[in-house]
Amino acid sequence: MTLTLPDVAAADPARDDRASHLVGLVGTGIGPSLTPALHEREGDAQGMRYLYRRLDLDVLGIGAAEVGRVLDAARLTGFSGLNVTHPAKQTVLAHLDRIDPDAAVLGAVNTVVFGPDGAVGHNTDRSGFARSFRRGLPGVPVDRVLLLGAGGAGAAVAHALTDVGVRELLVADADRARAEALAAAVREAGRATTAVVGTGDVEDTLRRVDGLVHATPTGMAAHPGIPVAPDALHPGLWVADVVYRPLATALVTAARARGARVLDGGGMAVFQAVDAFRHFTGVEPDAGRMLAHFAELVAAGA
Ligand code: NAD
């Protein structure tokens, strides 16, 4: 006699067939990040069960060099993936099975997906900036661009600028060695010529470039100020800031007042989340909805 077991799941009125995802953000100082809220709201809107956890390395007592421990734990406990931020965007590379070439070339990963290929790293700061740029500054000239700031965000942005067609990239940073290293990396990637500009020559340089991208912390609530003399800004220039807390930095405000076309840092913040959501779930998020949610969060002072 054959025993047929009842299909308990099908009979269970509480059964839930929605896709489920558990993801997280690994780094330090991540309490104020808007990324978890952006992901969770989009997951809800997509009809998923979507949980986004903060995994603060300081709270966990884990150093950036040991971020592999967090990756192992997340993978074992069924996370779909992780976003990675300061100070682990570089140290995480050693713990990945595969790295997207766009992330490998800039030596930093902010999104890790756990799947059949193991832990795969991506950089959605790069793709996010490129998408924000195309959307926010369509049709601007990109022959020659000055990038101020060659740190983590600057590196992602530098390569993103080559993705949007910049032919000559000038790089300035208070730490000249960093500017040199980034300029060399972009040149070696082979899609733009590069040069290094001293920070004392930034204002002069603004007369002969199409656009300025700002990627130092100046203008953040914790680092108030303006990174270039306002008088050097002019209507023949476009200006993109990556700082997004606040959105209206002193640079953004001064550039608008002087007639420059301006892109604030909000688009990059949203599109890095849009691209990460797609990597984690395989589902295309509604970017317009995530932009609107971001605007709501900012307006509410989140
Ligand atoms: P970082 O510390 O890695 O790099 C900052 C760089 O700026 C350093 O190389 C430093 O030498 C240089 N610098 C600082 N002050 C300078 C000055 N006055 N003149 C010239 N160079 C100067 O920091 P990061 O991670 O690259 O972050 C930079 C900013 O980008 C932060 O405000 C961060 O919030 C923002 N950010 C925004 C997004 C986004 O999605 N919009 C993403 C990442 C970072």
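What covers the buried residues of H10? In this predicted model, the cover includes strands E10, E11 and E12. The buried positions of helix H10 include Leu251, Val252, Ala254 and Ala255. Helix H10 spans residues 250-257 and packs on the sheet, where it touches E10, E11 (238-241) and E12. The direction of H10 makes about 165° with that of E11. Just after this helix, glycine 259 adopts a positive phi of about 85°.

The sheet on which H10 packs was examined next. Strands E9, E8, E7, E10, E11 and E12 form, in that order, an open sheet of six strands with parallel pairing. Its edges are strand E9 (193-196) and strand E12 (261-263), each of which pairs on one side only. On average, neighbouring strands of this sheet are turned by 20° against each other, direction ignored. Within the sheet, strands E7 (residues 144-148) and E8 (residues 168-172) run parallel and are joined by five bridges. Leucine 148 has alanine 172 in E8 as its bridge partner. Helix H7, residues 152-163, lies across E7, E8 and strand E10 (211-214), and it runs at about 170° to E7.

A second open sheet is also made of six strands, in the order E2-E1-E3-E5-E6-E4, but its pairing is mixed. Strand E2 (49-56) and strand E4 (98-99) are the edge strands, and each pairs on one side only. Strand E4 runs parallel to strand E6 (residues 118-122), and two bridges join them. The bridge partner of isoleucine 99 in E6 is glycine 121. Helix H11 lies across E1 (20-27), E2, E3 (81-84), E5 (111-115) and E6, and it runs at about 10° to E5.

Helix H11 also meets another helix. The axes of H2 (residues 35-45) and H11 (residues 266-281) come within 10 Å and cross at roughly 50°. The two helices are therefore oblique to each other, and H2 passes H11 in a right-handed crossing. On the H2 side, the contact is made by Thr35, Leu38, His39, Glu42 and Gly43. These residues meet Ala269, Val270, Gln272, Ala273, Ala276, Phe277 and Phe280 in H11. By class, the contact of H2 with H11 consists of seven nonpolar, four polar and one charged residues.

Conventions:
Residues are numbered from 1 along each chain as its sequence is written. This is a predicted model: local features need pLDDT of at least 70, side-chain atom pairs count only at pLDDT 80 or more; totals for chains, interfaces and linings use all residues. Side-chain values use heavy atoms; hydrogens and water are left out. Two strands pair if DSSP finds at least two bridges between them. Helices (H or I, at least four residues) and strands (E, at least two) are DSSP runs, numbered from the N terminus. Axes are lines fitted to C-alpha atoms, for helices over the stretch in contact, and angles run from 0 to 180 degrees between N-to-C directions. Contact means heavy atoms within 4.5 Å. Angles under 35 degrees count as roughly parallel, over 145 as roughly antiparallel, 65 to 115 as roughly perpendicular and the rest as oblique. A crossing is left-handed if the near helix is turned anticlockwise from the far one by less than a right angle, and right-handed if clockwise. Ala, Val, Leu, Ile, Met, Phe, Trp, Tyr, Cys and Pro count as nonpolar, Asp, Glu, Lys and Arg as charged, and the others, Gly among them, as polar. Buried means under 20% relative accessible area, exposed over 50%, partly exposed in between (1.4 Å probe, protein chains only).
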